[in-house]
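Here is a friendly walk through one chain, going from a helix and its surroundings to a few backbone details. Have the viewer open as you read.

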Amino acid sequence: MVRNLLIRVESDPRESARPAEAVRIGAGVGAWNKVKVHFLFAGPAVMCLDEFADELKEGELFAQYLPSIAQHGGRIVVEESSATLKGIQPTSALQFEKLSSAEIERMQHEADHVMRF
C-alpha cells in the first residue's frame with residue numbers, strides 16, 4: 001500500500017527558504033514512488049505558484065521540482081478562497097487545484113502523514 005504524505009507549506013517565501021526546501025524534500029521523497037507526495041500551499045506560500053516564483057528565496061527550486069510532483073501522482077492544492085491566490089499569475093507549466101476548506105480538511109484527514117513548513 002502506498003502511503004500519502006501531505007506537505008502543508010505556510011511560510012512566507014519572500015522571507016524564508018523553508019517553502020523551497022519543502023518542495024525539494026517533497027520531490028525527492030516522491031521520486032522513490034513509495035510515498036505519494038501532495039502539497040498544500042496556504043497563506044503567503046501560495047506565491048510559490050506564481051510565474052515569477054524564481055525571484056523568491058531559493059526560488060529556482062520551485063520551477064525545478066514542483067512539476068515532478070504531478071509526474072509522480074501527487075497533487076498541488078490551494079484553498080479556493082485564498083486572498084494570496086488573487087494576487088498571483090500562475091505559471092502555465094504548473095497545474096494545481098483550488099479546493100474548498102472542507103475538501104482540504106478531508107485531504108489532511110486522509111493523509112498518512114502531514115509535514116508543516
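What follows covers a helix, an aromatic pair, a pocket and some loop residues, in a model that is predicted.

Let us start with helix α2, which spans residues 60–71. Its buried residues are Leu61, Phe62, Leu66, Ser68 and Ile69. Looking down the axis of α2, you will find these buried residues within an arc of 160°, so they line one face of the helix. As background, an α-helix has 3.6 residues a turn, so residues three or four places apart point the same way. On the other side of α2, the exposed residues are Ala63, Ala70 and Gln71. And what do the buried residues of α2 pack against? Their partners are α1 (18–30), β2 (35–41) and β3 (76–79).

Strand β2 (35–41) brings us to the aromatic rings. The count of aromatic pairs comes to one. The ring centres of phenylalanine 39 and phenylalanine 41 are 5.6 Å apart and the planes meet at 10°, so the pair is stacked; planes under 30 degrees apart count as stacked. Are these two phenylalanines, 39 and 41, buried or exposed? Both phenylalanine 39 and phenylalanine 41 are buried.

Next comes the largest pocket, which holds about 170 Å³ of space. Its lining is made of 14 residues, and those nearest the centre are Asp50, Ala53, Phe62, Ala63 and Thr91. Two of these have already appeared in α2: Phe62 as a buried residue and Ala63 as an exposed one. By character, the lining of the largest pocket divides into nine nonpolar, two polar and three charged residues.

Now for the backbone. Most residues other than glycine have a negative phi. The table gathers three residues with a positive phi.

| Residue | Place | Phi |
|---|---|---|
| Asparagine 33 | loop between α1 and β2 | about 60° |
| Glutamate 58 | loop between β2 and α2 | about 55° |
| Glycine 73 | just after α2 | about 85° |

Asparagine 33 and glutamate 58 have a positive phi although asparagine 33 is not a glycine and neither is glutamate 58. Glutamate 58 is partly exposed, with a relative accessible area of 41%.

Finally, where is methionine 1 found? Methionine 1 sits in the segment before β1 (3–9). With a relative accessible area of 86%, methionine 1 is exposed. Methionine 1 and lysine 34 are 33 residues apart in sequence, while their C-alpha atoms are 8.6 Å apart in space.

Key. Residues numbered from 1 in each chain as written. Predicted model: local features only at pLDDT ≥ 70, side-chain atom pairs only at ≥ 80, totals over all residues. Heavy atoms only, no water. Phe/Tyr/Trp six-rings, centres within 6.5 Å; stacked < 30°, edge-to-face > 60°. Buried < 20%, exposed > 50% of the residue type's maximum accessible area, 1.4 Å probe, protein only. 1 Å grid on protein atoms, 1.4 Å probe; cavity = no way out; pocket = protein on both sides within 12 Å on 5 of 7 lines; lining within 4 Å. Points joined across faces, edges and corners; volume = space filled by probe spheres on them. Nonpolar A, V, L, I, M, F, W, Y, C, P; charged D, E, K, R; others polar. Helix = DSSP H or I, 4+ residues; strand = E, 2+ residues; numbered from the N terminus. Arc of directions from axis to C-beta. Contact = heavy atoms within 4.5 Å.
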